[in-house]
Each structure stands twice: as structure tokens, then as C-alpha cells.
There are 2 protein chains.
Amino acid sequence: MLHSGHVRIEIINTGTELLLGNTLNTHGAWFGRELFKLGLRISRQTTVPDGDAIRDSLAETLQRADAVIVTGGLGPTSDDLTREITAEVLGLDLITDEAALRSLENFFALRGKPMVDANLKQALCPVGADILPNPNGTAPGIYVPPQLNRKSNCAVFLLPGPPRELYPMYHQEVAPRLRALAGVEAAHEALVLKFTGIGESDFHDGIDAKLAAVPGLEHGYCAHIGELDLRLIGNRQALEKGREVTLDRFEPFLISDDESSLEKIIVSLLAKRRLKLATAESCTGGLIANRITDVPGSSEVFTHGFVTYANAAKSDLLGVSPSDIETQGAVSETVARQMAEGALRVSGADIAIGVTGIAGPSGGSDEKPVGTAWIAVALQNEGTESFKVFHPRNRKDFKLSVSQSALEAVRRKLKEL
Amino acid sequence: MLHSGHVRIEIINTGTELLLGNTLNTHGAWFGRELFKLGLRISRQTTVPDGDAIRDSLAETLQRADAVIVTGGLGPTSDDLTREITAEVLGLDLITDEAALRSLENFFALRGKPMVDANLKQALCPVGADILPNPNGTAPGIYVPPQLNRKSNCAVFLLPGPPRELYPMYHQEVAPRLRALAGVEAAHEALVLKFTGIGESDFHDGIDAKLAAVPGLEHGYCAHIGELDLRLIGNRQALEKGREVTLDRFEPFLISDDESSLEKIIVSLLAKRRLKLATAESCTGGLIANRITDVPGSSEVFTHGFVTYANAAKSDLLGVSPSDIETQGAVSETVARQMAEGALRVSGADIAIGVTGIAGPSGGSDEKPVGTAWIAVALQNEGTESFKVFHPRNRKDFKLSVSQSALEAVRRKLKEL
């Protein structure tokens, strides 16, 4: 039995389509999440083309890993060679497994289709290995336990590629064997803290050394636009200590500790407080409304969104003063405020966002360069707050950054109430 | 110079979050598609955790590959070790690159933020290697040409992980160098034809065999939600023949032949015809407006967007009859038509979209299950067309599918005018 903290598990995905970019490789992420639930981690994931390329990759992996999971290449066609190459690399003979052959015959009989000779090789199995039944397809999986492997101590799982076959087989056949191999007793857990308004270097200077000093805690960062995820891994005690060290310093910037998005947190804060939100967007062009409506249940808290891209739309729909647009410019504090207040008035919502800025690539000036935006948050009976941001990025990233700044302002406001 | 058909290119993606399954690894597929355009292929893709794990993987790859592209681990934090480990594995010293240091300082000055000491290591570069400028972030890339590599003949590219930094750097700095390394002097060109309204099996049944019969032509498909890309690769003559065979059959479904998005095509059709568009969205929640405003120059053709999520918003802002909502339901043909016509009237635009549907997960019925949507396109003086779609998918994919159906209807309408 291996110690779960030190089990090296590797994934090898075979499939030319994965390397040509025709198909996104979702197996890696899926296995990552599933193994994590067992307290296990993938130490390396490799993608190789169909056919012979798996040979070297598998031979190397056998020397490094305690268990390897190979997906794909168990089909009936000429480039499906995973079964044959694995047997060869392990130095094991292949024989027809009678039970596997019968269930192949059943599979076709059940569907009223003839079984062709090409399928016969799908019943082949290395002598002494376990056949893993596949109720959802023709390719059974194969498990070669460590004691059968003549080249190393690595356990080998061969699994079909299609998710509808792979996922059930993993749960039925693979997870219990991995659990036994690793002796897993939920040793590790993970915690993801999502932040906004601070960057990776703030963490580095602020708490990186403190986190590294927590016994048994691993940590890592993942930066997105307008967002930073801190990932903590360890036992419950180490996680608690890591969370404490982090929030001590950065709590005001915390979005969530359960991987919830900023928009999801806002929808649930609004629902809890029985408040309604309206949006008045110029430069973000509907992105803020779109993010809010990505959240199931948002129809309870979001009623009206205005995308007032033209100046006339700002005046006609939201009552923004044309002379203010004339004198201050459409990208100005007063216009952002009047947009938010207009949205509040017209919609009857409790809180409204107004956003106006210069997405570019053209339209900037020395005084108001591309990347500038004004954001206002208006509340019924509580007045309006406004601030300027500067996100000099490409158009889509600018929109995302501004939407993030605006939503973060709403989140803070809702927390205060 | 290597022969392009035999260049072994490997990708190493670093990132614990990729192996934990928090983040889907989209780099592999993206590189696959980009390299394919140069007539190159990935021979192996490997994902390793942040930190020290890259050492073995890189050392092995150097013995196998002609070029290796490493992504991630160039940030300022303690688990960003790609730069340091690569220099060590290659046996090269790291020194501060003065130009890189200056552009780091500029990056922070421009944003009015102080640069912290942690960022200093981002200006480090192996002696003699090329710094690859990063206008979109703090981490410059690094290129170690084969002649500098003391361990093998492999060229090494170190690139930042975030797509907004990685993609421009690839196009500016990496593709030209790979082209030179591989000697792909326009031997191959690629053509991407984007289609909507038909699927991969239509192509299989329709023209797959004909495309395969064109001498010197390779082809492949890439399916997205509501869109199918056909990728043709070959010399100019083969591409022309491939295009002819394809459009002969599927021209009405063609969005673009230059990788332009559907929304970009619509903005340019509107601009050419000097027409203005307005949107009235319920179930898509601002996504259609957001897609249109992703296109530079859209402010010339898009003025008003309405996100009428609540029934009251549909009536108050767009004049939809409350009694029709009552009797026909908010998701009905008449409501979609009244939304589009209301948007046209209020905005003074020339063409307007109205969309209403059931995104789910709740709110469906036997008669109108989750996934149902009504779409209407209204034109000044030309009347309104409407149709129903059914996209039973998760919430975000439903929104995307419905927006695609609506935009495709607008494109066809604009083509007719």
C-alpha cells in the first residue's frame, strides 16, 4: 500500500484529434477533479497521437509512476493500438478473454447489428490482467496490477476514450482500485479562495512566505482578468491556518471560498436582501447584464438592462442631460452617475450600475486615453458613488476588466448594507 | 533548417490548476490549430504541476524534440520557476536584461502602480537568449535558439500562460521563428471556412470524400456551439479547388473565409449598408449586445440594446402588451415580435432582434420545455419575421446557441437586402 501523499499517478491521453486542436482535451481536467476527491493528484499528463507514439511515452511513465491511466486507442480500427503496445511494453502475451468476447457478442446482438472481425481484437487481454466491463460501448477496459508488471511497480489502467464509456467505468472499476492501491483516507482537501482588486505580486509580498511556513500546506495562484485564485491544499488543520493567514491580510478582496463567481455571489447577496439590480452600460455593451444572467435564478433579482451605446440612447432611455454629454463628454463622471440614477428611476430597482468608457481601438485622447472608464453605483435613498478605472487592454479584455470593477463595487456595496 | 514534415514540436504546459481540474487546458488545442496553419504538428503535449516538476519533463523533451514550447511559470511568485529551471537544465546563466527591466518599469508606471521586488526576476534571461516582448503583461517570453542549447539541438520557447499575453506573443515572436526553423516558406497555406446552421455529419455525408480526393489537400473540422469550421491546408491551387467543392454545396451556410466571427460580419454588413441595429433580449440576457459590441467600430451601427428580463420591462420599455404576455406567455411568438418591433420603434434603428426563451434550469413546461426560444427580426417598412428554436443545453450554452441563431437570422436578412 502506498502513502496517498506520495502516489505518482500519470494520465496518458491518446488521440491525434487532441493534438490537431479539433477536440479539446477535457479528460485531464476531469481526472484531476475526480482524483482530487480521493485525495490523489496527477503528477503528469501527456497527450500523444494515435498509433505507435504511445510506446515511448508508456515505457517512460512505467519508470516514474505508481499508476498510469491510458485513455483511447481501444477501438477496432488499425490505429487503435493501445492494447497491443501495452502488452508488448509490459512483456505480457495477449489472449482472448472468453467473458469479454461474450459481452461483445451480446452488445451487437442487443442492437441487432452484425459483429465484424475487426471487433474481435477488443476481447484480447494480457494474461492475468483484469477485464473492466464496458456496458456503454464495445471496448472493455484493462487493469494490469503492479505484481503482473515485469518492468516496474506501476499499475496500468487502459480505458476507452469516449466520456460516456470512460466516466462510468472510472467510477465502477478504477476509483475503488486506486483507493485500495493508495490507501486513501481523505488525507488532503483543497480550498480555493477567489480575490479581486489585488494581483499576484501583492500576495507574493504580503503573505507568500507566511503560507509557505504553514506545516503541511501547499499553495498556488491562478490569475484571471480582474481575479486571482489562491489554491490551498493540505489537511483540514493546515487549510484552516492557511485561510486565517490569508484573510487576516486580504479579506476585503475576497470574492468567495467555494469557487463561486463574482456574479453568482452578487445574485445571492441580492436575493438574500430581497433587492433588485438594474444595469446601464455603454462601453461594456451588455457584458455586465450577460454575466448576471449567466447565474441560474438571476431573473428573481435582475429586471432591466440598458445598453445605451449611442449618446441619444443615454438621453432618451435614461434621461442623461444632452448638454452634460456635450460639455463633459460621454465618458465622464456625471454621465456615469446620470446613467445609474436613470436606470434606477426607470426600472424601479434598488441598486443600479452605470458604466461609460473608451474601449478602443480608436476614440481615445490625451486626457481620456483608450482604457478609461467611469463607473457609478446608485442606490434608492442612499445616493450614488462613482469612480474612474483605467484598463489599457484590448477591447474584449477591457470590457471584462471594467465589468469586473463594476461588479466588485456592487458586491462591496451589498456587503455594507 | 528542418524539413517541415519531420519537425518534432512538443508543448509543455505548467500549472497545478490544470492537473487539479480547476482550469481546462485549452492551450493544447489552440497550439494544435495554430501550428497546423504553418503545416506543423505537435508530437507530444505534457502537463506538469507548477514548480520543480518541469525539470525532468523539459530534460527529456530536449532529447526528443526539435522545438519545445513551455507555457506558464514566468510570473513573479515563488512557484514560478520555469525561467530558472530552464536555464539550469540548459546549463546557461541568467542575467538581468536591461531592456526587459525598463519595459517592466514602464508597465507599472503606465498603470500608476509601484513595482515590487518580486517582479525583478521577470527581467532575467539566459545569457545570449532572446527576450520576447510582452505588451500585455509583466512576463516577457524567452527564446533559446538551438545553437545556444548545450544539451541538444532543440529550440526552446518560454511563454506566459494567460491567453491574452500568450496569443499575441505567439503570433509576433514565435510563429516567425518556427517558420524559419522549419523552413515552411509558404509551402502550405491554410484556409478556414466558418459555417453555421449545419453540422459535421452534413459535411461527412456531403463533401468529405470529394475533399479527400483533391490532390495535395488536407482537411479537418472543428465544431463549436452553433458553428463549424472547415480547415483546408495545401498549396494555393489545392485550396482553391477545396473551396470550390465546398461552396458548391454549402455556400448559403458560410459565415466567413477569413476567420471573421459572425458578429464581425454583421457589423461590416450593417456599416456597408449604412444601417443601424437594435437588440431586445430576454433569455440571452445581453449576450447578443455583448457580442456585437466586441467588434471594433460597432458604435457606428449599434445604438440601443434592451435587456428586458422582467415582464414589466418588456411592457414598459418596449410596449409589449401585458395581456399578450398573460395569455400567450412571455416565451411566445407574439412577444418576440413585439419586442423586436418595440426596439425598432423606440431606437429608430433600421433592424432589430427580439429574443425570448427559457434558459433553465427551472421554468420549463411540457409545452415549452427548457431550451425553447422565439426569435424575431424586424425591419423598418419590411415587416417582421419570426421563428422558434430548441437548444436543450446548459444555461450558458443555451444563451450562446440562441444568440447564434438570432445573429445568423440577421446575417441572412442583411445579405438579402
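Which residue in β8(A) does Y143(A) stand opposite? In this predicted model, the residue opposite Y143(A) is F157(A). The two lie on strands that pair in antiparallel fashion, β7(A) being joined to strand β8 (residues 155-159) of chain A by 3 bridges. Strand β7 (residues 141-144) of chain A is also joined by 3 bridges to strand β6 (residues 130-132) of chain A, and this pair too runs antiparallel. Here Y143(A) appears again, as the bridge partner of D130(A). Y143(A) is thus placed opposite F157(A) in β8(A) and is paired with D130(A) as well.

These strands belong to a chain that contains 15 helices and 17 strands. Chain A is more spread out than a compact globule, because its radius of gyration, 28 Å, is well over the 22 Å that the globule rule gives for 417 residues. Along the principal axes, the C-alpha atoms of chain A fill a box of roughly 85 × 55 × 40 Å. Of the 417 residues in the chain, 50% count as buried. Among contacts in chain A with a separation of 6 or more, 65% are between residues 24 or more positions apart.

Chain A also meets chain B, with 64 residues of chain A in contact with 65 residues of chain B. On the chain B side, the element that gives the most is strand β14 (residues 302-308), with 7 residues. The class composition of this side is 27 nonpolar, 27 polar and 11 charged residues. Strand pairing also links the chains: strand β2 (residues 42-48) of chain A and strand β2 (residues 42-48) of chain B run antiparallel and are joined by 3 bridges. Within this pairing, T47(A) has Q45(B) as its bridge partner in β2(B).

A helix of chain B was examined for the distribution of its buried and exposed residues. Helix α9 (residues 236-250) of chain B comprises 15 residues and reaches 21 Å from its first C-alpha to its last, close to the 21 Å expected at 1.5 Å a residue. Buried positions in α9(B) are A238(B), G242(B) and T246(B). The buried residues line one face of the helix, since they fall within an arc of 60° when α9(B) is seen down its axis. On the face turned away from this buried side, α9(B) carries the exposed residues R236(B), Q237(B), E244(B) and D248(B).

Key: Residues are numbered from 1 along each chain as its sequence is written. Chains are lettered from A and ligands numbered from 1 in the order in which they are written. This is a predicted model: local features need pLDDT of at least 70, side-chain atom pairs count only at pLDDT 80 or more; totals for chains, interfaces and linings use all residues. Two residues are in contact if their C-beta atoms, placed from the backbone, lie within 7 Å. Helices (H or I, at least four residues) and strands (E, at least two) are DSSP runs, numbered from the N terminus. Ala, Val, Leu, Ile, Met, Phe, Trp, Tyr, Cys and Pro count as nonpolar, Asp, Glu, Lys and Arg as charged, and the others, Gly among them, as polar. Two strands pair if DSSP finds at least two bridges between them. The radius of gyration is taken over C-alpha atoms; the globule rule is 2.2 Å times the number of residues to the power 0.38. A residue is buried if 20 or more other C-beta atoms lie within 10 Å of its own, exposed if 12 or fewer, and partly exposed in between; C-beta atoms are placed from the backbone. The expected span of a helix is 1.5 Å times one less than its number of residues. The arc is that of the directions from the helix axis to the C-beta atoms.
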